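Student: I am new to this structure and should be grateful for a close look at a single part of it. Would you please take the metal site and explain what surrounds it?

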Amino acid sequence: LATARAEQLDLAAAQEPSTGPPPALHFVQRAKSRAPAGAALLETTIDGRLQQEVERIVDDELGALEQRRVGQAAVVVLDNASGNVLAWVGSRDWSDDKGLGKNDGVTALRQPGSALKPFVYGLALSRGLTAATVLADVETTLATDTGSYAPRNYDERVHGPVRLRAALQNSYNIPAVHVAELLGPARILATLRAAGFSSLRESAEHYGVGIVLGDGDVTLLELANGYRGLANGGVSTPVVELRSARDAAGVPLSVPRDDVPRRFLPDDAVALLTDVLVDDLARAPAFGLDNALDLPFPVAAKTGTSRAYVDNWTAGFTRERTVAVWAGNFDGTPMKNVSGITGAGRIFRRAMLAAMRDMKPGPLVDPRRFETAPVCPLTGVLAGPRCGHGIAERFLPGTAPRAVCEGHARVATSAEACAARASPALDLAPRYRSWARGEGLALADGQVRCHEAPRAVRLLSPVDGDEFAADPTVPSGQGIPVRVDASGERDVRVALDDAPPRALSPPYATWLDADPGAHQLTLFVDGRAVQTVRYRVD
Ligand SMILES: [Zn+2]
């Protein structure tokens, strides 16, 4: 084995003759350490061309970041289906002894900052929270074994009631700590270990809720393979480095392989999590729309920055590939003003573009897995008439909220004044009041809520006189969309022609079979027929 050199790896075959050192030297060390006894020739999973390109990207981007004291970076590219390691860059320059270039940033233990948050939020989505669940981003002090602890957001501000989607995509720390408290560090740790983070060897008590903010050290390889597990719907298998091995006489040796899949999160929760991670709009408040994670194809990604700017991460996946990047310094020198999105993010962007070249990206999430409901951005429940434009949020079937927003209220000084002088105000839980006052928002405190007659329930679709034509190019499953504008706990039913009425629950939408002919649809509210529409299907 001592004679195994980079030139003997298959990556060398794809590469032009070069006078510089052969690429992937960190990976060569790794491959040797994984080789079966007696191996003299190893065929690895590295894609020689991609490896060289990623090495160039790292060198190029670090050259541009020197002013910000970013000396090193490491990158892993994985094939999602097979787990094959396609590129492995351990440092900027193997031969740079001053910059500790022989250190391997792929296997070094470091604090991941916010890069583990997706696993925690995925667990939350599997345990009853939705993308619209409101989390409190307000000044918070937690009692811990070692004294009190006040988590802070990256922007040093608080943002009041924040929906889970926005909390994750803007990487707010305070809501993340609340989620970690809710789930408990032990359950989070078990999920992370099942996702392959075997470096997290300490107890749940040792990490505490800080596990969600990256208090436990992990490797870039674990991070890459954890994200690959998300790409694979919540199932983890180990990465693969070796394709084959031969002894000195050329006889094939068996390469031990552990490919027993381990599920660490349910498939449907991972689908919703992926829908959040791919959402550029949701992260715009903190990162802007024109950021390094905005690629020409959908990418589910997350950044991380450890405290004091020592480590900087970006990890993400398409259907086909996972890329994870660390940037920092091996001696722990802090960087200057570098966030995950500007530091590692730029390398991530270019490495992902290279990894996806000549590939047709498959869809990351199937929107048919979700139902959509209009929610109030402030309270996360169904938007009412005073909530302004509701946000169309996606829910796993059966999990959309049923309650209508009570937070957007109309108030007056007395019940008698409601008719003449009611004004809009927010009726929020006490913990949000300090935030709301800071934002200059009108609060309902000390005034009387004015109640209005409930809104009339009506059919939005179909409307009277609609004509539908079947599309001959679609083989089956065509239907007539039924949508009812209703709110609150009402008994809403629709009856087609002479069929018995069928109940609708929030968000009060369904499909009817598109049987040719003339039809009539009747809407019942609390047992009374209130509206009938007629439509045709040709
Ligand atoms: Zn509202």
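Tutor: The account below begins at the metal site, follows the chain around it, and then turns to two other kinds of link.

The model is a predicted one. Its zinc ion is held by four residues: the SG atoms of C376, C387 and C405, together with ND1 of H408, coordinate the ion at 2.1 to 2.2 Å. Along the sequence, these donor residues follow the spacing C-x10-C-x17-C-x2-H. The arrangement is tetrahedral, because the 4 donor atoms subtend angles of 103 to 115 degrees around the zinc ion, and a tetrahedral site requires all angles to lie between 85 and 135 degrees.

The accessibility of the donors may be considered next. C376 has a relative accessibility of 0% and therefore counts as buried. C405, at 9%, counts as buried too, and H408 is likewise buried. The cut-off behind these statements is a relative accessible area under 20%.

A residue that touches two of the donors is L382. It is found in the loop that runs between strand 15 (371–375) and strand 16 (391–395). Apart from its neighbours within four places in sequence, L382 is in contact with several residues, among them C376 and C405. The other contacts include A373, P374, V375, P401, R402, A403, V404 and P506. With a relative accessibility of 7%, L382 counts as buried. By contrast with these contacts, P175 is 21 Å from L382, C-alpha to C-alpha, and 207 residues from it in sequence.

Cysteine sulfur also appears in a disulfide, and the count for the model is 1. This disulfide joins C418 to C450, with an S to S distance of 1.9 Å. The torsion about its S-S bond is about -85 degrees, so the disulfide is left-handed. Because C418 belongs to helix 13 (residues 418–421) and C450 to the loop between strand 19 (448–449) and strand 20 (458–461), the pair ties together parts that are 32 residues apart in sequence. Both cysteines, C418 and C450, are buried.

Aromatic rings provide the remaining link. The model has 6 aromatic pairs. One of them is formed by F119 and Y227, edge-to-face, at 5.6 Å centre to centre with 85 degrees between the planes. This pair links distant parts of the chain, since F119 lies in helix 4 (residues 117–125) and Y227 in helix 9 (residues 220–231), 108 residues apart. F119 and Y227 are both buried. Ring pairs also join F119 and Y227 with F197 and F264 in a cluster.

Notes:
Residues are numbered from 1 along each chain as its sequence is written. This is a predicted model: local features need pLDDT of at least 70, side-chain atom pairs count only at pLDDT 80 or more; totals for chains, interfaces and linings use all residues. Side-chain values use heavy atoms; hydrogens and water are left out. Donors are N, O and S atoms within 2.8 Å of the metal (3.2 Å for Na, K and Ca); water is not among the atoms, so sites may look incomplete. Four donors count as tetrahedral if all angles lie between 85 and 135 degrees; four count as square planar and six as octahedral if opposite donors are over 155 degrees apart and all others between 65 and 115; anything else is irregular. Buried means under 20% relative accessible area, exposed over 50%, partly exposed in between (1.4 Å probe, protein chains only). Helices (H or I, at least four residues) and strands (E, at least two) are DSSP runs, numbered from the N terminus. Contact means heavy atoms within 4.5 Å. Rings of Phe, Tyr and Trp (its six-membered ring) pair if their centres lie within 6.5 Å; planes under 30 degrees apart count as stacked, over 60 as edge-to-face and the rest as tilted. A disulfide is a pair of cysteine sulfur atoms within 2.5 Å.
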